[in-house]
Amino acid sequence: MVRHAVFPTCFKPKPAPSSRITEMWAVEALKEWHDFYVLVGTAGATLLALLFVAVSLGAGYLTEERQSATRTFMSPVVVHFTSVFFLSAVALFPWQQAKFFAALIGATALIGAIISTYITVQVVRTDMTNYMQDYLAYGLLPDLAYLALLVAAVSIYLEKDFGLNALAGALLLLAIVNIRNAWDLTLTMARRRRRED
């Protein structure tokens with residue numbers, strides 16, 4: 001009969017602390033998404049800068065009388081592009097733990113959802129537009145994106161890979177919808193300027 005060697009407990013490998021495992025899950029899981037977040041984050045920052053250029057060219061459009069239109073249509077686009085840039089940048093941090101990362105996503109999602117819900121109500125109430133595509137693009141679709149971000153935050157907190165897919169989908173939805181919105185705002189400012197000239 002062969003006896004197995006018994007090692008003292010001091011030679012047994014110690015399990016890694018749970019916080020270290022959490023950190024490793026987040027870092028390893030996000031490595032595969034590196035190029036995606038570089039692309040989406042760069043797009044968000046670039047489009048935000050281009051929106052500022054468009055606004056400066058149409059500075060005559062931003063008058064006291066149009067303050068309500070600016071708050072309803074322009075400001076949310078800035079918030080959404082900033083959310084895309086911020087979360088993409090945070091996803092590229094090499095050191096975050098999954099719970100901290102989830103908390104940042106969740107906070108961004110809650111703030112964005114509150115703003116988007118308020119804007120949805122304003123867009124539906126205003127007489128500045130009565131197009132269904134504006135109701136969707138300025139109101140409901142950003143709300144859906146922030147809801148997906150909230151789902152992503154919970155999933156990442158629980159260390160489920162689905163959370164990373166939900167995060168990517170939400171950021172992509174926010175970016176694409178607000179590319180449309182930025183284009184719509186630029187065309188609106190150009191048409192108004194032409195009429196006034």
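# Exercises on an all-helical predicted model

Read along the sequence, the protein follows the pattern α-α-α-α-α-α, and the model in which this pattern appears is a predicted one.

**Exercise 1. Describe the secondary structure of the protein and the reach of its contacts along the sequence.**

Solution. Begin with the count of elements, which comes to 6 helices and 0 strands. Next, take the contacts between residues at least 6 apart in sequence, of which 79% join residues at least 24 apart. Finally, turn to burial: of the 197 residues in the protein, 38% are buried.

**Exercise 2. Determine which element has the lowest mean pLDDT and which the highest, and set both beside the value for the protein.**

Solution. For the protein, the mean pLDDT is 80, and 73% of the residues reach 70 or more. Among the elements, the lowest mean, 62, belongs to helix H1 (residues 18-31), while the highest, 91, belongs to helix H5 (residues 132-157). A further step concerns residues 7-13, over which pLDDT stays under 50 and for which the model has 1 contact beyond four places in sequence.

**Exercise 3. Work out how H4 and H5 are oriented towards each other, and which classes of residue make up their contact.**

Solution. Consider the axes of H4 and H5, which come within 8 Å and cross at roughly 160°. Angles over 145 degrees count as roughly antiparallel, and therefore H4 is roughly antiparallel to H5. The handedness is then added to the description, since H4 passes H5 in a left-handed crossing. The contact between H4 and H5, sorted by class, has 20 nonpolar, 7 polar and 3 charged residues.

**Exercise 4. Locate Ile 114, and explain why Ile 114 is placed in its accessibility class.**

Solution. The residue is found in helix H4, which spans residues 98-125. Its relative accessibility is 61%, and because the class of exposed residues begins over 50%, Ile 114 counts as exposed. To relate this position to another part of the chain, compare Ile 114 with Tyr 146: the two are 32 residues apart in sequence, and their C-alpha atoms are 9.3 Å apart in space.

**Exercise 5. Find where Trp 33 lies, and identify its contacts beyond the neighbours within four places in sequence.**

Solution. Trp 33 is placed in the loop between H1 and helix H2 (34-57). With the neighbours within four places in sequence left aside, Trp 33 is in contact with Leu 164, Asn 165 and Ala 168. As a last step, take the C-alpha atoms of Trp 33 and Ala 91, which are separated by 8.6 Å although the two residues are 58 residues apart along the chain.

Key
Residues numbered from 1 in each chain as written. Predicted model: local features only at pLDDT ≥ 70, side-chain atom pairs only at ≥ 80, totals over all residues. Heavy atoms only, no water. Helix = DSSP H or I, 4+ residues; strand = E, 2+ residues; numbered from the N terminus. Buried < 20%, exposed > 50% of the residue type's maximum accessible area, 1.4 Å probe, protein only. pLDDT = per-residue confidence, 0-100. Contact = heavy atoms within 4.5 Å. Axes fitted to C-alpha atoms, helices over the stretch in contact; angles between N-to-C directions. Parallel < 35°, antiparallel > 145°, perpendicular 65-115°, else oblique. Left-handed = near helix turned anticlockwise from the far one by under 90°. Nonpolar A, V, L, I, M, F, W, Y, C, P; charged D, E, K, R; others polar.
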